[in-house]
Amino acid sequence: MSTDAPDRMSRTLRWWDLACAAVLAFMLIVMLIEGISGAPYWAASLETVLRVALLVAPALLLALLWVTLGRSSLREGLCDLPLSGRSGTFLVLLLLVLALGTATAPMYAMLQAIAYPVVWTIAIDYRGAVLWCLAVATAVGAGMYLGLSPLDPNSALASSLTTALVSLVFSIAMGTWITRIHAQGESYRELAEQLERSQGEVAALSQEAGAAAERERMSRDLHDTLTQTLAGLVMLSEQTERALDAGDESRARDRLARVESAARAAVAEARALVATTQPIGEDGLERAIERVAAALRADTGLEVECTLTNVELAREREVVLLRAVQEGLANARKHAKASRVVITLEPLGDGGARLRVDDDGVGPDADAADPTRGGGFGLTGLADRVRQVEGEARFGARAGGGSRLEVELAPARSATETGHTNSGHTDSGEIDPSERVDA
């Protein structure tokens, strides 16, 4: 039950109270008029008093019955509770009061306007409601016959049967219609509650998916930034130690200066990650690639050549290409045993670009079926990054020795129309097709 159900219950019971009070007040006024009609107001004879008391007694009994048992029985019915002993007692007494009232005055048949809705509310199941309606019609018909038969025995039976049958048919028809509407409303309510629960589950799943995606993004950013910078710090520290052991104070000081510079860069990268700022900066992609290449030259002494053509890309695509450069240089430094690295960036038009990172090292492992799916996170994460921006990453052996990391971003205009028609591009057979990774 929802939190506002008690309020709805109270409002419903108040409406029932008002309806019953209105009907009973009307009946009391009619019975008073009926009781004192034909006698002047100053002639309050004992016969008149008794007649008035007899006529208003059923209405007063019904009011008392409603206050003592009716409201609580109706509350149970509104809560869809099974018929209890208290509710059954109330219905039986209601039948007796109806029979007494219609026997006293046929006008009390108007109380059916209250009796039938009460029966349909309290009797939960359809079959039980129909049987109780039959009992109400019988009580009203029997009471009316008892009241009319002393006056006109011939028409009493016809009048009582007609009133009972008409009211019974009408009550069953109306009750059936309302029951179906109520059942349909309940099904809609259950459907709405189920939809609300489903929406809550979807929201929770979306939140979890968003958190997982954010964790994955942070893992990639950490790998592409802090992890590589910290790896460079380790290498510089080892070089400093070797220089000190060799007594080369000048080289040791130079390495220490590089350690300080790299540490400051790590701090800047960490701050950028915390602030979720873009790593490209204001100078553009080409300048960011040159800064990364210059840092590698200073740290390792590798020869790094940049052939960069200005490309117009969305910022998200620029970040992916910068991460690809960092990954390619990290592989050349850690695994390739290279002495020279060439970075090439060229536009493909309409928001596309091709990036190559070539080295003259030992090349990829010939036994690896797919170098980008090995144990390292870098190439795998890079392939996923490139896939998200409608591109393709390939890594393999380069003609003439060494290895090549190539990232190709399809033109933005045709990325979703052509199904990446450039995804199968190779350059003079320099990358083994078996080592291609579709991103």
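Q: In which helix is the place of Val267?
A: This is a predicted model, where local features need pLDDT of at least 70 and side-chain atom pairs count only at pLDDT 80 or more, while totals for chains, interfaces and linings use all residues. Residues are numbered from 1 along each chain as its sequence is written, and side-chain values use heavy atoms, leaving out hydrogens and water. Helices (H or I, at least four residues) and strands (E, at least two) are DSSP runs, numbered from the N terminus. Look at residues 249–274 and you will find Val267 in helix α7.

Q: Is Val267 buried, exposed or partly exposed?
A: Buried means under 20% relative accessible area and exposed means over 50%, with partly exposed in between (1.4 Å probe, protein chains only). Val267 has a relative accessible area of 41%, so the label for Val267 is partly exposed.

Q: How far apart are the C-alpha atoms of Val267 and Thr229?
A: Along the chain, Val267 and Thr229 are 38 residues apart. In space, the separation of their C-alpha atoms is 9.9 Å.

Q: What is the relative accessible area of Leu161?
A: Leu161 belongs to helix α6. Leu161 counts as partly exposed because its relative accessible area is 46%.

Q: How many strands does the protein have?
A: Stepping back to the whole chain, there are 439 residues, and 39% of them are buried. The protein has 10 helices, and its strands number 6.

Q: Which element gives the most residues to the largest nonpolar core?
A: A nonpolar core is a set of buried Ala, Val, Leu, Ile, Met, Phe, Trp, Tyr and Cys residues joined through side-chain atoms within 4.5 Å. The largest one has 45 residues, and Met31, Phe90, Val118 and Val136 touch the most other members. Two or more residues come from each of α1 (5–36), α2 (46–78), α3 (85–104), α4 (112–122), α5 and α6. With 9 residues, the element that gives the most to this core is α2.

Q: How many residues are in the other core?
A: This other core lies apart from the largest one. Its members include Leu296, Leu345, Leu379 and Val407, and its size is 31 residues.

Q: Which residues does Phe90 touch, not counting those up to four places away in sequence?
A: Contact means heavy atoms within 4.5 Å. With residues up to four places away left out, the ones that Phe90 touches are Leu65, Trp66, Leu69, Gly70, Ser73, Val118 and Ile122.

Q: In β2, which residue is the bridge partner of Leu308?
A: Two strands pair if DSSP finds at least two bridges between them. Strands β1 (residues 303–308) and β2 (residues 340–349) pair in the parallel sense over 6 bridges. Across this pairing, the partner of Leu308 is Leu345.

Q: Which residue takes a positive phi in the hairpin of β2 and β3?
A: β2 and β3 (residues 352–359) pair in the antiparallel sense over 8 bridges, and Pro347 has Ala353 as its bridge partner in β3. The hairpin has 2 residues between the strands, and the residue with a positive phi, near 55 degrees, is Asp350.

Q: What is the phi of Gly400 in the turn between β4 and β5?
A: Strand β4 (residues 391–397) has 6 of its 7 residues buried, and it pairs with β5 (residues 403–409) in the antiparallel sense over 7 bridges. One of the bridges joins Gly396 to Arg404 in β5. The two strands form a hairpin with 5 residues between them, and Gly400 in the turn has a positive phi of about 95 degrees.
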